[in-house]
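Subject: Structure handover

Hi there,

Here is the structure I promised to pass on to you. Please open it alongside this email, and my notes on what turned up follow just below.

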Amino acid sequence: MSNLERNPREAECGGLADVATEPVNELLAGRDVVLGGPRGMRVTRTLPNREIRMVGAWCFVDHYGPEAATMRVPPHPHSGLQTVSWLVEGEVLHRDSLGSEQPIRPGQLNLMTSGRAVSHAEESPRDAELHGVQLWVALPDAHRWVEPRFAHHPALPSLAGPGFTATVLVGELGGAVSPARTYSPLVGAEVSLEAGAEARIPLRPDFEYAALTLSGAAQVGGTGLAPGPLLYLGTGRPGLVLRAGGPARVLLLGGEPFEERIVMWWNFVGRDHDEIVEFRREWTGGGGFGTVPGPVGAPLPAPELPGVPLRARGRRRETPGRIPPRRRRG
Ligand code: MN
């Protein structure tokens with residue numbers, strides 16, 4: 001999926017300055033964004049967030065549906081990241097400049113690694129029920145220029161207990177290891193809870209975590225979580241308890257706090273303003289992003305860059321005189 005905003009914000013993020021050193025329970029409201037014009041698809045974007053811009057290497061979280069919708073994302077570029085596509089309901093066809101053509105269905109993982117440059121397009125059947133998430137993972141500097149690759153994982157390992165199953169998209173959870181290739185210590189899992197279930201999920205105290213309810217409602221670490229906001233959980237947790245009155249699905253994202261400072265703009269993750277300018281120039285006429293074969297429509301034009309130089313912003317929004325809510329005990 002693409003960031004289709006016409007005036008995407010430039011965000012500098014990463015760095016360890018504001019990583020919570022203890023468990024917290026902080027609800028982060030998302031922004032409603034319409035992808036692709038007035039008749040486009042509605043998504044709730046919880047990362048980057050006004051308060052927190054990354055959780056581990058996770059730097060972008062869009063949640064869409066469930067609703068009858070049409071995803072039509074024409075060819076667009078990516079640099080410096082991996083796209084992680086996960087569906088709860090529906091089907092999406094992925095095509096990319098490597099020649100991949102792959103439908104994805106619920107329970108499967110599509111993982112595209114951009115390295116320096118890749119382009120792709122996505123579409124779903126018209127006005128069909130659609131529910132899922134589009135996530136991005138920032139590549140660490142040591143692996144930013146890897147060869148682009150695309151992987152489809154039709155079956156993933158899971159961790160199961162009484163009344164729950166946790167499917168591991170990437171990384172490792174309770175001994176279940178995803179085959180998906182990632183480049184920094186991180187985890188992504190979908191916890192499916194039956195009515196009345198209590199799931200005890202082992203965590204790594206050195207990771208920071210966040211949770212997003214996809215359907216139903218759950219108590220996550222003691223905090224009620226319905227679809228909408230992202231619950232930031234901080235670090236220092238050996239485990240997490242999830243409870244659900246009715247059936248629920250909760251996406252758990254975590255990772256080692258991302259040390260490097262990054263700049264995200266439109267569909268690019270770079271390290272400074274000049275790099276973003278170069279990525280944009282390459283997409284606009286350089287040809288370095290390849291072409292997506294098939295009936296995918298005209299490539300998306302890049303938005304204009306902001307007229308002012310990149311304003312450095314920390315990992316967390318700073319407001320003088322205000323005690324950051326992330327420091328509250330959870
Ligand atoms: Mn995309």
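The feature I would look at first is a sheet. In this predicted model, 7 strands form an open sheet with antiparallel pairing, and their order is S3-S4-S5-S12-S7-S10-S13. Strand S3 (31–35) and strand S13 (149–153) are at the edges; each has a single partner strand, so one side of each is left without a neighbour in the sheet. From one strand to the next, the twist averages 20°.

As a reminder for reading the pairings below, strands of a sheet pair through backbone hydrogen bonds, either parallel or antiparallel.

Starting from the S3 edge, S3 and S4 are joined by 5 bridges in the antiparallel sense. Here Arg 31 stands opposite Arg 45 in S4, which is a handy pair to find on screen. S4 then pairs with S5, again in the antiparallel sense, over 4 bridges, and Leu 47 faces you there, standing opposite Val 61 in S5. Strand S4 (residues 41–47) is mostly covered, with 5 of its 7 residues buried.

Further along the sheet, strand S7 (residues 81–89) and strand S10 (residues 109–113) pair in the antiparallel sense, and 5 bridges link them. Trp 86 is the residue to pick out in this part, as it stands opposite Leu 109 in S10.

You may also like the second largest pocket, which holds about 260 Å³ of space. It is lined by 15 residues, and the closest to its centre are Arg 39, Gly 40, Met 41, Thr 70 and Met 71. Which strands each supply at least two residues of that lining? They are strand S5 (58–69) and strand S6 (72–78), and the largest share, 3 residues, comes from S5. If you plan to colour the lining of this pocket by class, expect 7 nonpolar, 3 polar and 5 charged residues.

Finally, some numbers for the chain as a whole. There are 27 strands in the chain and 1 helix. Of its 330 residues, 54% are buried. Among contacts between residues at least 6 apart in sequence, 74% join residues at least 24 apart.

Happy to talk any of this through once you have had a look.

Best wishes

Terms used. Residues numbered from 1 in each chain as written. Predicted model: local features only at pLDDT ≥ 70, side-chain atom pairs only at ≥ 80, totals over all residues. Heavy atoms only, no water. 1 Å grid on protein atoms, 1.4 Å probe; cavity = no way out; pocket = protein on both sides within 12 Å on 5 of 7 lines; lining within 4 Å. Points joined across faces, edges and corners; volume = space filled by probe spheres on them. Nonpolar A, V, L, I, M, F, W, Y, C, P; charged D, E, K, R; others polar. Pairing = 2+ DSSP bridges. Axes fitted to C-alpha atoms, helices over the stretch in contact; angles between N-to-C directions. Buried < 20%, exposed > 50% of the residue type's maximum accessible area, 1.4 Å probe, protein only. Contact = heavy atoms within 4.5 Å.
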